[in-house]
Amino acid sequence: MSTIQITQSDLQASLPDTTSDIQTGHIKNEVSITRDIHGIPHVTGSNSYDAFFGQGFATAQDRLWHMEFDRRKAFGRWAELVGEPGLESDITMRKFQIEDSVIDDLTHLNSETILMLTAYSDGVNAFINSTSSLPVEYKLTNAKPEPWSPKDCLAVYKVRHIMMGVFEGKYWRAQLLNHLGPERTADLVKGYQPGHLLITPPLDTYTGPGLQGLESLQASIESIRWMQEDPEAGSNSWALHGNKTNSGKPLLAGDPHRGLDTPNCYYQNQVTCPDFDVVGLSFPGCPGFPHFGHNEKVAWCVTHAMADYQDLYVEKIESNSVGATYEWKGDTLEVEWKEESIKVAGLPDHQITLKATKHGPIISENPSGTRGIAFKYTSTTDTNHGFEALLPQMTADSVSGAEQAMEKWVDPCNNYMLVDIHGDIQYLNRGQIPIRGIENAWLPVPGWTGKHEWQGNIPFEKMPRSTNPKNGFIVTANNKIIGEQFPYYMALDYAPEFRARRILERIEALEKATVEDMISIHSERTSIPASVYVPHILNLDNLDPLEAKAQDLLKNWTYQMDPDSPAATIYSAFRWKLHVRVIGSLLGSLADQALVSGGRGAPTHVNHLAIRLMEGLKNQDASLLPDEETWPIAISKAFSEAIKYLEETVGDEAENWEWGKLHFTNPTHTLAEIYGSCKDLLNPPSVSMGGDGDTPQAGSFAMSNPFVMTGMSVARYVFDPSDWDNSRWIVPLGSSGHPGSPHYADQTEKWSKIEVIKMAYSSQAVQEITVTQQHLIPVMK
């Protein structure tokens, strides 16, 4: 392991040259890279190849280490740089066999998509080959960047999304079933709450029924009995029709919610050529603008649809002298396998055997190797043509054109929102969702029977969609998409309606909406659950002096999760303690694991139990409470425990228990934990924030580490088709991934205050805020 140290001078020396003209091969004509006051690049080329070349070059200037990290994660090569701390991740990612998947994709993508990927990769490599300074992280890890390739473009996108599916939830339900039995598990997992908002049709609510999983759980218990051990994303968006806006044209706004990677997962940039002119958020390492952006006529954005497009199959495996076999429909088939070596800095190579069946790669096995879990995922099970949607999206001239571009989109499944200059607004659930039996939804299913195979995908023309609804707006916030009239299974798990409800209520109060109104909705932090719990806390009596003071601070509270609010802190601590007590008692031996787990398995189910708990209080249903406990007793105990915790943690002056003192970001560089002596140079500043996991201003936290934010808005945007230069955006850090850059975290303060910056689009708007300009000049042959 390297013991190299870095200094502030090293940070400065690693910054790229963004002003000198660079001579380079490949491009036909000159490419310009203009950087504005925020360091955001605006790339202009005379053709699409040159434009994507410029996007790759500029992205590498700002985010080469970010791209390096994602590539090594995707291919299971992180330990090669950081040693043993990276080995567990490498083993896991090797088992997913992403590299094999993207190699197959590349052999089937159409020529224009291959050209786009090649141009972008050529631009990245042009920077690597021409720069005299590399990101400081290469010095820390004693490494050099390898050439970038189209394969890498696809891999870094897949690794960013493979864990956003639902397979972890199926693992978790298998453990619930093994520990609690089918009846209790079915009782705890009830799904989306009746009465909560649907996405489409807008304003409709879900009428039920609750999930009825007992039959599926009972049928599957034998096949998963061996699985005794275990091997948060969201978003908001809303579109308003011109009949509700001041300009008479639509508005589109929203914000994706993820963990705060350092640097941020999204990259602000603009790419212009005669074929298209798009500004938006891209993924470093990938060309185009898959999730957020606009061209001259159309704007698009996404939220996570929470759809189920990943299945787990239990395989019966039998080893033999030359390998292994597995059963399928009475036949004996050969397990595909290969040996690979994982390089580990400072240690001998780690050998790993990768296996696969017809259902996909084996990602988990029991100790004897007689049972395995195969992972089937729309993005990797067949050729993924999703990137063929990117160019048609960038050149679309209407919402219908941008919608049609998504016919080939595969993963992730998104709530895709569109507005255009013609006045139309549209919602589409994009992505491929396989058709299969409901048993696949609940648990890992037996792979040997042949009864749980996929029967194609839900047809594109059948996917939920809505265009210009009569109410004049569409809201998505990871809530349930459509009611029981939809004939296909889509998902078991959705977010509750709380964020969607508050956005809807804010929109309904508007008549002539403006961009400023949309920004205001971004700052919405009224907690609906707080409005349920707090009146019951106010009914408590026989309190000690500090408890009485805390109760008094709640009396005039309007449920705003403001960063300077002591009441928000008191409520949050109360609810945390209530969840630990009650949900812990419900989950029995799995409680400790559930309450500290990350990912999308146990936390999703804990959140659903939290919603049911709140609904139980509203209906005076105590069935989820510990034995012999009533709601007044449960509330009293949780409140007392919360006040004791706050006293011990932040002192006995309740007036000083401001939410922002406990609720803040913790951006951590990818190398900060490994090179601890350098963390102060590598980590961006932390900032206090309002909101929580139930408010449109997102600020969720893990129960194992209250109340440090783990999920938040990683970008905010407002698109204005009436005047694209009136659009706005902001990210939580900055455009640059270099710790020594002035743009490493220069947007943080504005982001924390729910302020935004202009999204310059027209050449005049860009020119007004230009700071530097660089030209890539073709080498004359």
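Okay, so let's start with two helices, α6, residues 111-130, and α8, residues 150-161, whose axes come within 8 Å and cross at roughly 100 degrees. Angles of 65 to 115 count as roughly perpendicular, so that's what we call α6 relative to α8. On the α6 side, the contact is made by L117, T118, Y120 and S121, and on the α8 side by P150, C153 and L154. What's the chemistry there, nonpolar, polar or charged? Five of those contact residues are nonpolar, two are polar, and no charged ones take part. Keep in mind that this is a predicted model.

Now, the sheet. It's an open one with 11 strands and mixed pairing, and the order goes β1-β27-β2-β3-β6-β7-β8-β9-β17-β18-β20. At the edges you've got β1 (22-24) and β20 (465-467), each pairing on one side only. On average, neighbouring strands are turned by 20 degrees against each other, ignoring direction. Then there's helix α2, residues 48-75, which packs on this sheet and touches β1, β2, β3, β6, β7 and β27. Its direction makes about 160 degrees with that of β6.

Zooming in on one pair: β17 (residues 414-420) and β18 (residues 425-430) run antiparallel, joined by six bridges. If you want a spot to click on, Y416 has L428 in β18 as its bridge partner.

Last stop, H294, which sits in strand β8, residues 292-294. Is H294 buried or exposed? It's buried, because its relative accessibility is 0%. And what's around it? Not counting neighbours within four places in sequence, H294 is in contact with D277, V278, V279, A299, W300, F719, W724, M759 and Y761.

How values were computed. Residues numbered from 1 in each chain as written. Predicted model: local features only at pLDDT ≥ 70, side-chain atom pairs only at ≥ 80, totals over all residues. Heavy atoms only, no water. Pairing = 2+ DSSP bridges. Helix = DSSP H or I, 4+ residues; strand = E, 2+ residues; numbered from the N terminus. Axes fitted to C-alpha atoms, helices over the stretch in contact; angles between N-to-C directions. Contact = heavy atoms within 4.5 Å. Buried < 20%, exposed > 50% of the residue type's maximum accessible area, 1.4 Å probe, protein only. Parallel < 35°, antiparallel > 145°, perpendicular 65-115°, else oblique. Nonpolar A, V, L, I, M, F, W, Y, C, P; charged D, E, K, R; others polar.
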